[in-house]
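This report describes selected features of one protein chain for a reader who is new to structural biology. Please look over the sequence and the structure before reading on.

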Amino acid sequence: MKKMFALFPALALLAVCLSGCSFAGFSVQNLMSPPKTNTDQQAIYRLLQGSQPELTFIYPRSGAYRSAIIMADFTGDGVEDAIGFHVLEDNTAQVQFLVKEEGVWKTAGSFANIATQVDRVCFGEFGGEGPGVLIGWGSTAGATGRTAAVNAYIYKNKEMLEYPLGIYGEMALTDFDGDGVNEVFTIDKYLPAQEEGAEPYPAMARVYAFTGGVPQEAASAPGDNAIASYSSMTFGRLNGEQQGVVVDGAMADGSMTTQVFVMEEGRLRNYPEGVNEEGYANPYARPAPAAFTSRDINGDGYIELPVASRLHGLPEDAPLDSTSFLVEWNVFRAGGDRRTVLYSMMNLREGYWFEAPYLLRSSAAASNDTVRHTVTYTQVVEDQDGAPLLGSPLFSIRVFTQSSWESRGEGSGYELLATQNDSVYGIQVLTKDSSQLRVAQRVKDSFHLLS
């Protein structure tokens, strides 16, 4: 399944470039139509169009596959098949699965859906059931996150079969036991009672697995009812013994938190424990400006979870953004414990981070000039009463355009750190203190761009 890729690269590129945009003098829909450049493409187009006078495509809104026509070997015979999304005349959506037999394209299955959007498409391996396709129908935006539903599609006996799984706010393919067979993980959001006397729907995470040819709910666990929207969800290795799903979510006030879901003795568990109970405290809770999401920050193959603390010495009334925090990255340990593996300072707006040497962790403040794309890091000292005071500036990191760097970057005292597209990242060391010079060198050596 790793060989799957989108058909018509130009079409896929247009789908991304035109998202939310329009161009004067052009019909966006015409630009999104697949180019009729060879026999296969023409045959696929005719099958999708059927008897309709026009063909209106639907493009997945998220995920790795954003084209209205996706090439994938969903039959498992080593030959690429086609999946197409378009609108029917009654304004419902349709997905068609096409296979090529003896040089002729045929329809293996067509399924209509009342949703007018496709959230995402995923491909998995369901063991004895063979490769499968997951399609999220609808939108995960909105107040409840219960407007999207995921269906599984499996090819059996030369036809495609559809299996509804349920609603979700986010979903991912998982393989908790590492046997090469995928499960489907979904999580939805809390839905208050819709009318007096009715019961609310709590947030719930579920794992679906194929058993006896039919997907069944294999495990479930409560989610955090306070989550208003999901920021990211990652399945991967948590430590040397466990794999799990890490879910970052935002509350109504924009503050963020992280949940970790693992399978233990056949049960799905949510850590930190006690979610939704009175007095529940999540150590990964962080304020809205600290919108850091979990990731493998240091490239060790494990997902690290962020804990953010405000930099020492910042004035109480200072405006806060991602540069205002020290980020402690933690590896999840069995039973919900955690181990810190890295400290960093980050700039989400400009897309970079660097390791925070010991002297910076409790004795530095940051001032972010978003107009000049410059963050200046300043030493923090204490007055006679032990209160923090801003001392001498240590170094500045600035983001230049390529042209501005060539004209004045190095000439203005900046040293090149990295380049990406039209952006050039430079550092200017402002201190002459020997210990702080070593700190600046550590920053240079550990500077990274966010992928």
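Does H86 count as buried or exposed? With a relative accessibility of 1%, H86 counts as buried, since the cut-off for that class is under 20%. The model is a predicted one, and every value below was computed from it. H86 belongs to strand β3, which covers residues 81-87. Its side chain is in polar contact with the side chain of Q96, at 2.8 Å.

## The open sheet and its strand β19

Strands of a sheet pair through backbone hydrogen bonds, in either the parallel or the antiparallel sense. In this model, one open sheet has 5 strands in the order β18-β19-β20-β21-β27, and their pairing is antiparallel. Its edge strands are β18 (304-310) and β27 (448-449), each of which pairs on one side only.

Strand β19 (residues 325-332) pairs with strand β20 (residues 338-347) over 7 bridges in the antiparallel sense. β18 and β19 are also joined in the antiparallel sense, over 7 bridges. Individual bridge partners are set out in the table, together with one from the hairpin of β25 and β26, which is discussed later.

| Residue | Bridge partner | Strand of the partner |
|---|---|---|
| A308 | V327 | β19 |
| W329 | L342 | β20 |
| N330 | T340 | β20 |
| L416 | G426 | β26 |

Why is β19 largely enclosed by the rest of the structure? The reason is that 8 of the 8 residues of β19 are buried. In a regular strand the side chains alternate between the two faces of the sheet. For β19, both faces are covered. F325, V327, W329 and V331 are buried on one side, and L326, E328, N330 and F332 are buried on the other.

## Turns and backbone angles

The hairpin of β19 and β20 has 5 residues between its strands, and G335 there takes a positive phi near 85 degrees. A further hairpin is formed by strand β25 (residues 415-420) and strand β26 (residues 423-429), which pair in the antiparallel sense over 5 bridges. This hairpin has 2 residues between the strands, and N421 has a positive phi near 55 degrees.

Positive phi values also occur in loops. K158 is a residue other than glycine with a positive phi, near 65 degrees. K158 is located in the loop between β8 (148-156) and β9 (159-168), and it is exposed, with a relative accessible area of 64%. E265 is likewise a residue other than glycine, and its phi is positive, near 55 degrees. The loop between β16 and β17 holds E265, which is exposed at a relative accessible area of 85%.

## A cis peptide bond and a cavity

Y271 and P272 are joined by a cis peptide bond, with omega about -5 degrees. P272 is part of the loop between β17 (267-271) and β18.

Which residues line the largest cavity? The lining consists of V260, Y271, P272, P283, Y284, F332 and G336. Both residues of the cis peptide bond, Y271 and P272, are therefore among the lining residues, as is F332, which was named above as a buried residue of β19. The lining comprises 6 nonpolar residues, 1 polar residue and no charged residues. The space in this cavity is about 30 Å³, and the count of cavities of 30 Å³ or more is 1.

## Aromatic pairs and a contact across the sequence

A search of the whole structure finds 21 aromatic pairs. The rings of F176 and F235 form an edge-to-face pair, because their planes stand at 80 degrees, with the ring centres 5.6 Å apart. F176 is in the loop between β10 (170-174) and β11 (183-187), while F235 is in strand β14 (residues 229-237), so the pair ties together parts that are 59 residues apart in sequence. F176 is buried, at a relative accessible area of 13%, whereas F235 is partly exposed, at 23%. Elsewhere, ring pairs link F74, F97, F111, Y153 and Y155 into a cluster.

S255 offers a further case of residues apart in sequence. The C-alpha atoms of S255 and A290 are 7.9 Å apart in space, while the two residues are 35 residues apart in sequence. S255 is placed in the loop between β15 (243-250) and β16 (256-264), and it counts as buried at 18% relative accessibility.

Note on methods. Residues numbered from 1 in each chain as written. Predicted model: local features only at pLDDT ≥ 70, side-chain atom pairs only at ≥ 80, totals over all residues. Heavy atoms only, no water. Phe/Tyr/Trp six-rings, centres within 6.5 Å; stacked < 30°, edge-to-face > 60°. Helix = DSSP H or I, 4+ residues; strand = E, 2+ residues; numbered from the N terminus. Buried < 20%, exposed > 50% of the residue type's maximum accessible area, 1.4 Å probe, protein only. 1 Å grid on protein atoms, 1.4 Å probe; cavity = no way out; pocket = protein on both sides within 12 Å on 5 of 7 lines; lining within 4 Å. Points joined across faces, edges and corners; volume = space filled by probe spheres on them. Nonpolar A, V, L, I, M, F, W, Y, C, P; charged D, E, K, R; others polar. Pairing = 2+ DSSP bridges. Polar contact = N/O pair within 3.5 Å; in protein donor to acceptor, adjacent residues only side chain to side chain.
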